[in-house]
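Please open the model in your viewer and keep the sequence panel beside it, since each stop on this tour asks you to select a few residues and look at what surrounds them.

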Amino acid sequence: SYSFCTLLPPLNHAKMDLPVDSRLHEVGTRFAKRWIELFHNGQEKEVFTELTHAMDKGKFRFYSPLVSKPYDSQAGFVPILMNVTRVLQGLHYVGVSIGTSKAENKAKVMLHFKATVISNGKKLDADGIDIFEVDGTTGKATQLMVMVRPFSVAVGVRDGMGAMLEAFKKGGQQPKL
């Protein structure tokens with residue numbers, strides 16, 4: 001089980017009923033700050049490369065909001081990473097929450113994002129959450145689950161991503177990070 005507290009603004013843990021592991025909270029905080037800083041500075045390729053290397057070693061899984069089974073190899077994951085900012089235009093993070101599980105030695109980092117999705121010629125406002133599971137020893141992500149809303153946005157992401165992935169298939173080559 002996880003205990004949660006928000007990163008921004010700081011909470012007074014003494015007033016909370018939920019136990020928060022401060023070491024794991026710090027691991028999650030460092031991960032969140034690094035991810036957001038790199039992403040907002042246009043350096044997401046650096047983090048994406050790290051995730052794909054971890055996936056190669058069997059230490060990372062990706063759960064798409066549109067596919068029932070997780071991705072655990074680069075074959076399907078890299079094209080998604082390469083196109084995420086094309087489909088979710090203007091993606092930016094607006095909130096952070098950190099949860100800890102001392103028993104599992106993990107932090108859960110939840111990053112709330114907003115973006116725009118173009119679907120059938122219409123601009124749709126997207127809300128989403130990236131939920132990372134972060135190893136408490138290494139500070140590296142071991143899992144990413146993405147959720148988006150509303151339903152029309154999920155359909156737009158599916159259609160936009162599907163078109164881009166189909167173009168890669170027809171081109172016969174796997175995109176590189």
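**Starting at the hairpin**

Begin by selecting glycine 139, which takes a positive phi near 75° in the hairpin of E5 and E6, where five residues lie between the strands. Keep in mind throughout that this is a predicted model.

Next, colour strand E5 (122–135) and strand E6 (141–149), which run antiparallel and are joined by eight bridges. One pairing to pick out is that of valine 134, whose bridge partner in E6 is alanine 141. Then add strand E2, residues 61–63, which pairs with E6 in the parallel sense over three bridges; here tyrosine 63 has methionine 145 as its bridge partner in E6.

**Along E5 to aspartate 127**

Stay on strand E5 and select aspartate 127, which is found there. Which side chain makes a polar contact with the side chain of aspartate 127? Display histidine 112, and you will find the two side chains in polar contact at 2.7 Å. If residues up to four places away in sequence are left aside, aspartate 127 touches His112, Phe113 and Lys114, and also Met147, Val148 and Arg149.

**The largest pocket**

Now turn to the largest pocket, which has a volume of about 400 Å³. Of the 26 residues that line this pocket, select Phe62, Ser64, Pro65, Ile80 and Met161, which are the closest to its centre. To see where the lining comes from, show helix H1 (22–40), helix H3 (74–87), strand E3 (89–101) and helix H4 (151–171) together with E5 and E6, each of which supplies at least two lining residues. The largest share, five residues, comes from H4. If you colour the lining by class, you will see 22 nonpolar residues, two polar ones and two charged ones.

**The second largest pocket**

For the last stop, move to the second largest pocket, in which about 230 Å³ of space lies. Select its lining as one group: Glu50, Leu51, His53, Ala54, Lys57, Lys59, Asp135, Thr138, Lys140, Ala141 and Thr142. Alanine 141 in this group is the residue you have already met as the bridge partner of valine 134. Which element gives the most to this lining? Helix H2 does, with four residues, and both helix H2 (44–56) and E6 supply at least two. Coloured by class, the lining of the second largest pocket has three nonpolar, three polar and five charged residues.

How values were computed: Residues numbered from 1 in each chain as written. Predicted model: local features only at pLDDT ≥ 70, side-chain atom pairs only at ≥ 80, totals over all residues. Heavy atoms only, no water. 1 Å grid on protein atoms, 1.4 Å probe; cavity = no way out; pocket = protein on both sides within 12 Å on 5 of 7 lines; lining within 4 Å. Points joined across faces, edges and corners; volume = space filled by probe spheres on them. Nonpolar A, V, L, I, M, F, W, Y, C, P; charged D, E, K, R; others polar. Polar contact = N/O pair within 3.5 Å; in protein donor to acceptor, adjacent residues only side chain to side chain. Contact = heavy atoms within 4.5 Å. Pairing = 2+ DSSP bridges.
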